[in-house]
Amino acid sequence: MSAATPMTQDELKALVGRAALEHIGHGHIIGIGTGSTVNHFIEALAQQRERIVGAVSSSEATTQRLRAHGIRVFDANEVEELAVYVDGADEIDPRGFMIKGGGAALTREKIVAAQARRFVCIVDQSKWVQTLGRFPLPVEVIPMATQRIIRQFAALGGTARVRLRDGAPLVTDNGQHILDVTGLAITDPPAFESMVNDWPGVVTVGVFAHQRAHVCLMGTPEGVRTISFDGPGR
Ligand code: 5RP
């Protein structure tokens, strides 16, 4: 008998995309993130779109996808509070702290996450780390501050590079640029997030510590593992 074919990373993402539906109540407006894992969630949600009133979206790409499925998209300013925010991550650690922004949507993702009562993070198991920093840290910056911010990261031992698309700096949905920073081990994510956010010209740093996850649904070959970050200290 031949051994079962291992699940691909995309199949693990699809698994958690479907599982996230269980964390969505009925009749709510929810927040929706950006990326390939979230796209699986949107596919699953589209099958039950009467379940929600609509969504606040974290990117132009997600907005287009939601509208294509007939899901109503609300402006963030129209909605006071969201029941839940569902999004992927580039890394997540055992405290629910994350690195996000691989899809360049980190600023709107943080805004929508801040509006939500709960953050449901959906990832495949490759995203699990003990210490944040293996994935290049995305930082959205105002272009005139780029070189100074690169020097500030160098002083911390990091190497920051402008993210390119087709040979030119990638321009975010907010009209800004992205730096990707390697060589950092982020041992105190809340302090690090606050520090970098204070640097003039930083729009958003891709450490999500103040908006950390409440629960992580992790796709593994054995199924979905649910890791809760509720409890003391939250
Ligand atoms: C986009 C993000 C994504 O959540 C992150 O990059 C993970 O993406 P994917 O689900 O495609 O692996 O932060 O800005």
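A backbone N or O atom of Gly102 lies 3.4 Å from an oxygen atom of the ligand, in a model that is predicted. Two side chains also come within polar reach of the ligand: an N or O atom in the side chain of Thr37 is 2.5 Å from a ligand oxygen atom, and a polar side-chain atom of Asp87 lies 3.4 Å from an oxygen atom of the ligand. The ligand taken alone exposes 380 Å², of which the protein buries 92%. The surroundings of the ligand comprise 17 residues, and the closest of these are Ser36, Thr37, Asp90, Gly101 and Lys127.

The polar approaches to the ligand are set out below.

| Residue | Atom in the residue | Distance to a ligand oxygen atom |
|---|---|---|
| Thr37 | side-chain N or O | 2.5 Å |
| Asp87 | polar side-chain atom | 3.4 Å |
| Gly102 | backbone N or O | 3.4 Å |

Thr37 also belongs to the buried part of helix 2, together with Val38, Asn39, His40, Phe41, Ile42, Ala44, Leu45 and Ala46. Why can helix 2 be described as largely enclosed by the rest of the structure? The reason lies in the count, because 9 of the 11 residues of helix 2 are buried. The elements that cover these buried residues include helix 1 (9-19), strand 1, strand 2 (52-57), helix 3 (60-68), strand 4 (82-87) and strand 7 (116-124).

Thr34 is placed in the loop that runs between strand 1 (28-32) and helix 2 (36-46). With a relative accessibility of 16%, Thr34 counts as buried, because buried means under 20%. The side chain of Thr34 makes a polar contact of 2.6 Å with the side chain of Ser58. Once neighbours within four places in sequence are left aside, Thr34 is in contact with Ser58, Ser59, Thr62, Asp87, Ala105 and Glu109; Asp87 in that list is the residue whose polar side-chain atom lies 3.4 Å from an oxygen atom of the ligand.

Backbone geometry singles out two further loop residues. Ala104 has a phi near 70 degrees, a positive value in a residue other than glycine, and Asp166 likewise has a positive phi, near 55 degrees. As background, most residues other than glycine have a negative phi. Ala104 lies in the loop between strand 6 (98-99) and helix 4 (106-115), whereas Asp166 is found in the loop between strand 10 (164-165) and strand 11 (168-169). Which of the opposite descriptions, buried or exposed, applies to Ala104, and which applies to Asp166? Ala104 counts as buried at 11% relative accessibility, while Asp166 is exposed, with a relative accessible area of 79%.

Ala104 is also one of the residues touched by Thr172, which, not counting residues up to four places away in sequence, touches Glu140, His177 and Ile178 as well. Thr172 sits in the loop between strand 11 and strand 12 (177-182), and at 7% relative accessibility Thr172 counts as buried.

Strand 6, which precedes the loop of Ala104, takes part in an open sheet of 3 strands, arranged in the order 5-6-14 with antiparallel pairing. Strand 5 (91-92) and strand 14 (207-208) are the edge strands, each of them pairing on one side only. Between strand 5 and strand 6 the antiparallel pairing extends over 2 bridges, and Glu91 stands opposite Ile99 in strand 6.

Methods:
Residues numbered from 1 in each chain as written. Predicted model: local features only at pLDDT ≥ 70, side-chain atom pairs only at ≥ 80, totals over all residues. Heavy atoms only, no water. Helix = DSSP H or I, 4+ residues; strand = E, 2+ residues; numbered from the N terminus. Buried < 20%, exposed > 50% of the residue type's maximum accessible area, 1.4 Å probe, protein only. Pairing = 2+ DSSP bridges. Contact = heavy atoms within 4.5 Å. Polar contact = N/O pair within 3.5 Å; in protein donor to acceptor, adjacent residues only side chain to side chain. Near = heavy atom within 4 Å. Areas by Shrake-Rupley, 256 points an atom, 1.4 Å probe, with all protein chains shown as cover.
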